[in-house]
2 protein chains.
Amino acid sequence: MGFGGTRFSRKDVPVEQELAASVGDLLRSTPGISRDDIDAVLVATNDNAVYLSAILAELAGISPRIAHTVENLCSSGTNAIVSGAAYVASGLAETVLVAGADRFDSPGQVLSWDRSRGEFGRPVFWASMFASAYKREFGVSDEDLACVPVKNRRNAADNPRAYPDAEVTIQDVLDSRELTGDLRLYECSRPCTGACAVLLASESAARGLAETPVWIRGIGQKTTSASFAGSRDLTRMESTALAARDALSMAGTDPGGIDVTEVHDAFGVCEPLALEDLGFADKGSGARLSKDLLETGDRSVNPRGGLIGAGHPLGATGVAQTAEIVSQLQGRSGRRQVQGARRGLVHNMSAAATSSTVLVMGS
Amino acid sequence: MGFGGTRFSRKDVPVEQELAASVGDLLRSTPGISRDDIDAVLVATNDNAVYLSAILAELAGISPRIAHTVENLCSSGTNAIVSGAAYVASGLAETVLVAGADRFDSPGQVLSWDRSRGEFGRPVFWASMFASAYKREFGVSDEDLACVPVKNRRNAADNPRAYPDAEVTIQDVLDSRELTGDLRLYECSRPCTGACAVLLASESAARGLAETPVWIRGIGQKTTSASFAGSRDLTRMESTALAARDALSMAGTDPGGIDVTEVHDAFGVCEPLALEDLGFADKGSGARLSKDLLETGDRSVNPRGGLIGAGHPLGATGVAQTAEIVSQLQGRSGRRQVQGARRGLVHNMSAAATSSTVLVMGS
């Protein structure tokens with residue numbers, strides 16, 4: 001599995017340009033690939049532009065058989081990757097290029113369809129409800145939760161494709177602008193412009209393209225609803241738990257068998273919740289795990305910096321998470337490298353965890 | 001394969017409402033299906049709304065594993081169907097619901113990305129160039145081409161889901177408003193609001209759902225470019241020819257083995273061009289075939305009325321074409337029925353035939 005990407009930024013450029021740059025980077029870093037061998041081009045985005053896969057194909061000099069755009073808010077990227085995996089597994093394609101991109105002003109950032117949210121259509125409001133419930137239920141403090149952005153921004157400092165920013169301390173997080181009673185500015189992922197691309201291939205095609213191919217071993221997805229309305233346990237992300245169960249079972253492993261993980265920390269509180277629902281920590285102890293990882297300098301969760309550290313160009317995020325796990329399993333992550341990582345997990349979700357994708361990957 | 005849909009119209013309603021209505025219709029007409037058995041919900045649309053698959057799933061009472069939106073302009077519908085087929089063939093899903101919808105004011109109707117088109121960003125301009133070249137190259141007259149809308153509007157009169165409109169005569173077509181030097185109003189498909197849904201299932205699941213299941217036997221897709229710029233033969237739709245070759249080969253048949261066909265007549269001239277590139281007529285004789293079908297009352301091409309007769313709500317079109325072939329192969333098409341039809345073909349394309357999908361289906 002090859003990959004390429006752009007540095008996440010605040011650039012005011014069209015998604016077409018970012019997509020083409022990420023694919024150019026991928027093609028340059030995958031010398032064995034010929035454009036004629038690419039059977040499918042899938043674009044993951046929330047951008048309102050149409051016919052983006054055909055446009056990207058033409059810009060990149062590819063004439064694929066299969067080409068379309070995939071959209072599912074913040075998990076568009078992994079939805080396109082799972083589609084690509086289905087095309088390969090079905091025999092309809094040998095090689096699939098998946099490229100995700102969005103701009104800093106992506107329309108996917110407002111949950112405009114859910115009138116039950118009243119004035120609270122921005123994701124920060126559901127995240128705030130999660131943070132409030134989590135702190136109350138498990139006696140977690142603001143200081144505990146502040147460990148997540150501190151750790152992930154520290155990891156991002158070693159990721160040359162991350163949205164550039166200074167590292168922060170726990171005190172900086174606590175002092176940052178209060179957006180709601182339970183969430184501060186530094187606890188939020190940042191909208192930005194960026195793209196990332198990965199190349200999926202069948203077993204025979206992959207062996208010709210990479211010395212150490214990385215395989216998708218398990219896939220789990222679940223959509224529980226679209227709206228936030230109705231009763232639900234605000235300290236549990238059910239779609240994540242169900243997707244993780246299926247992905248780990250398909251891969252024939254359990255959380256203990258995973259060496260490195262990208263989790264969807266759209267907001268700080270999402271990391272401990274995800275660590276718990278993925279099975280890495282008991283309920284209520286995810287924040288403790290994030291804090292331990294910070295204190296021991298352990299890079300095994302969100303080594304590229306997560307969404308908080310790297311930035312969150314919606315359609316690019318799931319693809320960038322997957323590319324990071326590929327890089328880790330190939331031992332190419334430099335100062336971010338988790339030594340000896342052989343199995344990795346990607347967790348990508350949308351809209352208050354009303355849907356989730358979990359991928360288990362192995363070298 | 002079950003199906004359901006709304007009547008195409010000028011209704012000013014959200015796509016969510018049309019999608020939910022088409023799925024309600026499908027579920028009512030597929031008594032064997034349980035909502036719990038639906039593994040994937042794919043939406044095909046050009047609408048700018050986000051997270052539509054999760055919204056549709058919630059409206060329909062479904063909690064799927066896989067859910068996202070697929071966009072590829074006018075062939076969004078068949079792109080979603082091919083994705084659904086890939087999920088089933090890969091084993092990632094047993095049952096996939098595909099629903100396509102657009103509104104009369106869909107943003108997919110302007111080819112806004114191709115600056116090489118100058119002021120001519122609306123599809124009517126490329127269609128006009130096709131018509132001009134086709135008439136010049138093969139000595140075809142305006143009267144010959146006018147047979148296509150006459151035939152397809154006649155067929156649509158027997159399709160209860162078609163955009164309602166009076167039948168027309170050849171003279172009516174010739175007298176209708178001239179949009180360009182080579183295209184008149186009645187030669188154009190009409191933007192409208194509508195939705196259609198189909199249910200794909202694995203062999204074992206399908207046998208439990210339908211007395212006479214219809215199978216996808218062949219799939220072909222090709223994207224040659226995105227832009228209209230550059231030299232090309234204006235009387236040939238290369239992506240269609242390549243997709244047809246692959247789909248017929250996969251199905252182990254040839255054009256002579258097809259009993260009923262839906263072709264993408266976005267404009268009148270597209271029908272003869274498609275009939276030629278699909279292999280049903282020699283180059284230059286497609287218009288003669290359309291005229292013969294009109295004169296003999298033969299329904300085997302565009303029995304539901306095509307895009308010109310039925311209307312063209314972009315994301316719904318490829319799904320509605322597929323549903324019509326299912327209906328024909330199950331002998332459920334009433335006055336539109338092609339007697340004894342056992343094999344059918346769907347041809348769906350985008351943007352001046354820069355990309356095409358061809359499906360071959362069999363009972």
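Student: In this predicted model, which residue of S11(B) is the bridge partner of Thr223(B)?

Tutor: The general idea is to read a ladder of bridges residue by residue across two neighbouring strands. Here Thr223(B) has Ser355(B) as its bridge partner in S11(B), and Gly218(B) is bridged in that strand to Val360(B). The strands S8(B) and S11(B), the latter covering residues 355-362, run antiparallel and are joined by eight bridges.

Student: What is the order of the strands in the sheet that holds S8(B) and S11(B), and which strands are at its edges?

Tutor: The sheet is open, has four strands in the order S8-S11-S10-S9 (chain B), and shows mixed pairing. Its edge strands are S8 (215-223) and S9 (260-262) of chain B, each of which pairs on one side only. From one strand to the next, the twist averages 15°.

Student: Is the edge strand S8(B) mostly covered or mostly uncovered?

Tutor: A useful general point is that in a regular strand the side chains alternate between the two faces of the sheet. As for S8(B), seven of its nine residues are buried, and the strand is mostly covered.

Student: Turning to helices, how should I read the length of H4(B), and what span is expected of it?

Tutor: One compares the distance between the end C-alpha atoms with the span expected at 1.5 Å a residue; for the 16 residues of H4 (residues 123-138) of chain B that expectation is 22 Å, and the end atoms lie 23 Å apart, which agrees. Just after H4(B) comes Gly139(B), with a positive phi of about 60°.

Student: Which residues of H4(B) are buried, and what do they pack against?

Tutor: The general idea is that an α-helix has 3.6 residues a turn, so residues three or four places apart point the same way. In H4(B) the buried residues include Trp126(B), Phe130(B), Ala133(B) and Tyr134(B). Among the elements of chain B against which the buried residues of H4(B) pack are helix H5 (142-156), helix H9 (270-277), helix H10 (286-296) and strand S10 (343-350).

Student: How does H12(B) read by the same approach, and is it enclosed or open?

Tutor: Helix H12 (residues 314-329) of chain B has 16 residues and reaches 24 Å from its first C-alpha to its last, which is close to the expected 22 Å. Because 16 of the 16 residues of H12(B) are buried, this helix is largely enclosed by the rest of the structure. Gly331(B), which follows H12(B), has a positive phi near 70°.

Student: In chain A, at what angle do the axes of H4(A) and H9(A) cross, and which residues make the contact?

Tutor: The axes of H4 (residues 123-138) and H9 (residues 270-277) of chain A come within 10 Å and cross at roughly 70°, which means that H4(A) is roughly perpendicular to H9(A). The contact is made by Trp126(A), Phe130(A) and Tyr134(A) of H4(A) with Cys270(A), Pro272(A), Leu273(A) and Glu276(A) of H9(A).

Student: What does Gly286(A) touch beyond its sequence neighbours?

Tutor: Not counting residues up to four places away in sequence, Gly286(A) touches Tyr134(A), Pro272(A), Leu275(A), Glu276(A) and Ala281(A). Gly286(A) lies in helix H10 (residues 286-296) of chain A and is buried, at 0% relative accessibility. Its C-alpha atom and that of Ala274(A), twelve residues apart along the chain, are separated by 7.9 Å.

Student: How should I read the phi of Leu73(A) and that of Ala352(A)?

Tutor: As a general rule, most residues other than glycine have a negative phi. Leu73(A), although not a glycine, has a positive phi of about 50°, and Ala352(A), also not a glycine, has one of about 60°. Leu73(A) sits in the loop between strand S3 (66-71) and helix H3 (76-90) of chain A, whereas Ala352(A) belongs to the loop between strand S10 (343-350) and strand S11 (355-362) of that chain. Leu73(A) is buried at 0% relative accessibility, and Ala352(A) is buried with a relative accessible area of 0%.

Student: Finally, what rotation superposes chain A on chain B, and through what surface do the copies meet?

Tutor: To read such a relation, one looks at the rotation together with the shift along its axis. A rotation of 180° with 0.0 Å of shift superposes chain A on chain B, at an RMSD of 0.0 Å, and that is the relation of a two-fold axis. Since 100% of the interface residues of chain A are also interface residues in chain B, the copies meet through the same surface.

Technical notes
Residues are numbered from 1 along each chain as its sequence is written. Chains are lettered from A and ligands numbered from 1 in the order in which they are written. This is a predicted model: local features need pLDDT of at least 70, side-chain atom pairs count only at pLDDT 80 or more; totals for chains, interfaces and linings use all residues. Side-chain values use heavy atoms; hydrogens and water are left out. Two strands pair if DSSP finds at least two bridges between them. Axes are lines fitted to C-alpha atoms, for helices over the stretch in contact, and angles run from 0 to 180 degrees between N-to-C directions. The expected span of a helix is 1.5 Å times one less than its number of residues. Buried means under 20% relative accessible area, exposed over 50%, partly exposed in between (1.4 Å probe, protein chains only). Copies are superposed by least squares on the C-alpha atoms of residues with pLDDT of at least 70 in both. Contact means heavy atoms within 4.5 Å. Angles under 35 degrees count as roughly parallel, over 145 as roughly antiparallel, 65 to 115 as roughly perpendicular and the rest as oblique.
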